[in-house]
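Here are my notes on the model you shared, in the form of short numbered points. I hope they are handy while you look through the structure.

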Amino acid sequence: DAALATVGGASSSAGGDGGTPKPSVAVSAVAPAGAAPVPAAAPDAGAPHDRQTLLAVLQFLRQSNLREAEEALRREARLLEEAVAGSGAPGEADGAGGEAASVLLSRVTASVPGPAAPDPPGTGPSGPAAVSGSATGPAAPGKVGSVAVEDQPDVSAVLSAYNQQGDPTMYEEYYSGLKHFIECSLDCHRAELSQLFYPLFVHMYLELVYNQHENEAKSFFEKFHGDQECYYQDDLRVLSSLTKKEHMKGNETMLDFRTSKFVLRISRDSYQLLKRHLQEKQNNQIWNIVQEHLYIDIFDGMPRSKQQIDAMVGSLAGEAKREANKSKVFFGLLKEPEIEVPLDDEDEEGENEEGKPKKKKPRKDSIGSKSKKQDPNAPPQNRIPLPELKDSDKLDKIMNMKETTKRVRLGPDCLPSICFYTFLNAYQGLTAVDVTDDSSLIAGGFADSTVRVWSVTPKKLRSVKQAADLSLIDKESDDVLERIMDEKTASELKILYGHSGPVYGASFSPDRNYLLSSSEDGTVRLWSLQTFTCLVGYKGHNYPVWDTQFSPYGYYFVSGGHDRVARLWATDHYQPLRIFAGHLADVNCTRFHPNSNYVATGSADRTVRLWDVLNGNCVRIFTGHKGPIHSLTFSPNGRFLATGATDGRVLLWDIGHGLMVGELKGHTDTVCSLRFSRDGEILASGSMDNTVRLWDAVKAFEDLETDDFTTATGHINLPENSQELLLGTYMTKSTPVVHLHFTRRNLVLAAGAYSPQ
């Protein structure tokens, strides 16, 4: 019984008789005179208040049906049965009640500089009784753990007494005491315990501000902000501007920090060390923050080294809990539909003339056979409904297969050529680029709210004729698709007007009939590439939409924006089908997994999340970037994810195991675009530092150590081999690389707008 363990089992040295151990309960520190000896009386707390506290606790235990705990406490405090008013109704037995009781008791201890009650077995900050909700926040009174207690005014009165937490002048002492302890601890523990500095610093500062101790808060900030890790600089800048209680109300970042628990992964040994220190020092202020605002994910085994921790930390809410990356992900590819590839006569003759054996047939079979075997990690074919293939799609697939036969096999010795499309005189400000899969069209989104579409092939862009002219056409003729096009409209460039703000995202549909664009005006628009007009405006986001992308199978698309959620849409629905909520800051980029069952989102909270399209659940959280994430790409086999951020690093992730498996250092500015080559041998990255870099993806992903131990504890050892993996760096004169694309034959197309220095 959880509560009993807290109350009855607190054996600590609390005697006045030379410190001999004497069984006593932490609550006895606030019991009236005549109770067990107390090392120090609670400051300015008169007997009636102590008595009220105790009665509230007893009443709570009685109502939660925790008789034994109540008995033990009463015996300890030598109170008589009659003192407790009302014979409470039988409430929840030890489940939630026990949890709440232990919370209440730990709250009571908080105001008392006596020994703290140890955690009940099995309910550490990481156990089931970890309780959210802040005692200092406005929502504290009236809610204890998971049990609402509005109808018990005395309990809420007790809790509101701790709104004023601790002596403001002592905060600096508390913090420097802990700092001294951590810095003097053994090397193996120091790295792990140093993770506490930042979250404690923020919470103690916010607590001072919240309780209107402005001068103390200011001096606390000035004294310790220099000790924090360099990757928290931006957050600290926001924090330093919050100096009054009123500032905190409207600031979303800080509200998130207070409500979401900061996650730390610490080995059991380091955690025990910390707990012992805080309880010996009776440093309840810090212990409270640890229990209320931090989620300590304790693992058994060796403590992690500084490098291992640095690789994984840096996001707004700490690391991901290990549980977050445990669920199964179907990262395999769906089976390709079987399409017969007709052989062209000219090809056959051409090969015979040169006297070569016919290589066509076996090669065609090898393409077919690759997709016939079902991938063991693939989702069931009908897990989410995908659109049927139209005849035009089949023709396109056949074209694709033919191109594939002419594809260049890339590798360290055979690097792709790069064709760079520079947007000159783009005074409108280029903000987004996309290229069709067959590389025939390029679209640019601009800050003047237009979308411009160019044809890259000699074939000009034409719109469909007007309705009156269409009725004259013979619908049975073979070239009806040619005849419906209006030659008078042919041009290399079409401009699409409709948005009322900069266009930040653009995406072509796989069949090249549609184009999506997302804008600062909060809408996503679907344009027809037959008529070059807007078909639908999707309104769901209330703020700028930073990115949008079509599913590889068409029909579905995803968008992400400033409102911190990503939305999944279908082209024929006005409302989103799924809302992916969980990021603590803007969703900057969105990408579909090649099998269309998952969506990855990169955010300004410095995390990447993978969402299941079927049920909207978050199935992976990847932390490790030290800045907002601006680019994502999946490997063609669906197993890996590459992410790029403002910190200039490209991180590689194993989706199945939920682990970081590589880090590519080299860029000196934000990585805006990432793409794998068609067979996944090479990863191309484009950046604001005006370079395109090519990396050896095969080598980066070979012989990965993904044993169960690594997966369980997150002891990742990243090889420092960025220089070996870097195959080439290509400078532009002065053009940031906004978009990268591999053609079906593995030529790289890059795009950006020339920005004169």
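**Notes on sheets, rings and contacts**

1. Four strands make up an open antiparallel sheet, in the order β8-β9-β10-β11. Strands here are DSSP runs of E with at least two residues, helices are runs of H or I with at least four, and both are numbered from the N terminus. Two strands count as paired if DSSP finds at least two bridges between them. The edges are β8 (430–435) and β11 (493–496), each of which pairs on one side only. On average, neighbouring strands of this sheet are turned by 20° against each other, direction ignored; the axes are lines fitted to C-alpha atoms, and angles run from 0 to 180 degrees between N-to-C directions.

2. A word on the ground rules: this is a predicted model, in which local features need pLDDT of at least 70 and side-chain atom pairs count only at pLDDT 80 or more, while totals for chains, interfaces and linings use all residues. Residues are numbered from 1 along each chain as its sequence is written, and side-chain values use heavy atoms, with hydrogens and water left out.

3. Within that sheet, β8 and β9 (residues 441–446) are antiparallel partners over 5 bridges. Val435 has Ile442 of β9 as its bridge partner.

4. The UniProt annotation "repeat: WD", from an unreviewed entry, covers several spans, including 496–531 and 538–569. UniProt positions follow the numbering used here, feature names are shortened, and annotations may be inferred rather than shown by experiment. Residues 496–531 are 0% helix and 53% strand, with end C-alpha atoms 10 Å apart. For residues 538–569 the figures are 0% helix and 59% strand, with the end C-alpha atoms 9 Å apart.

5. Now the rings: Phe, Tyr and Trp (its six-membered ring) pair if their centres lie within 6.5 Å, and planes under 30 degrees apart are called stacked, over 60 edge-to-face and the rest tilted. The count by this rule is 24 aromatic pairs. One of them is Tyr205 with Phe221, a tilted pair at 5.3 Å centre to centre and 55° between the planes. Tyr205 belongs to helix α8 (residues 197–210) and Phe221 to helix α9 (residues 214–224), so the pair ties together parts 16 residues apart in sequence. Tyr205 is buried at 2% relative accessible area, and Phe221 is buried at 11%; buried means under 20%, exposed over 50% and partly exposed in between (1.4 Å probe, protein chains only).

6. Phe640 and Phe701 give a stacked pair, 3.8 Å centre to centre with 5° between the planes. This pair links strand β25 (residues 640–645), home of Phe640, to helix α21 (residues 697–701), home of Phe701, across 61 residues. Phe640 is buried at 4%, and Phe701 is buried at 13%.

7. Ring pairs also join Tyr175, Phe197, Phe201, Tyr205, Phe220, Phe221 and Phe224 into a cluster.

8. Which ring does the charged end of Lys321 sit over? The ring is that of Tyr295, with 4.1 Å to its centre. The rule asks for NZ of Lys or CZ of Arg within 6 Å of the ring centre and within 35 degrees of the ring normal. Arg452 lies over the face of Phe446, 5.3 Å from the ring centre.

9. Lastly, Phe550 is found in strand β16 (residues 545–550) and is buried at 3% relative accessible area. Its contacts (heavy atoms within 4.5 Å), leaving aside neighbours within four places in sequence, include Phe508, Tyr514, Tyr556 and Phe592. The C-alpha atoms of Phe550 and Phe592 are 7.6 Å apart, with their positions 42 residues apart along the chain.
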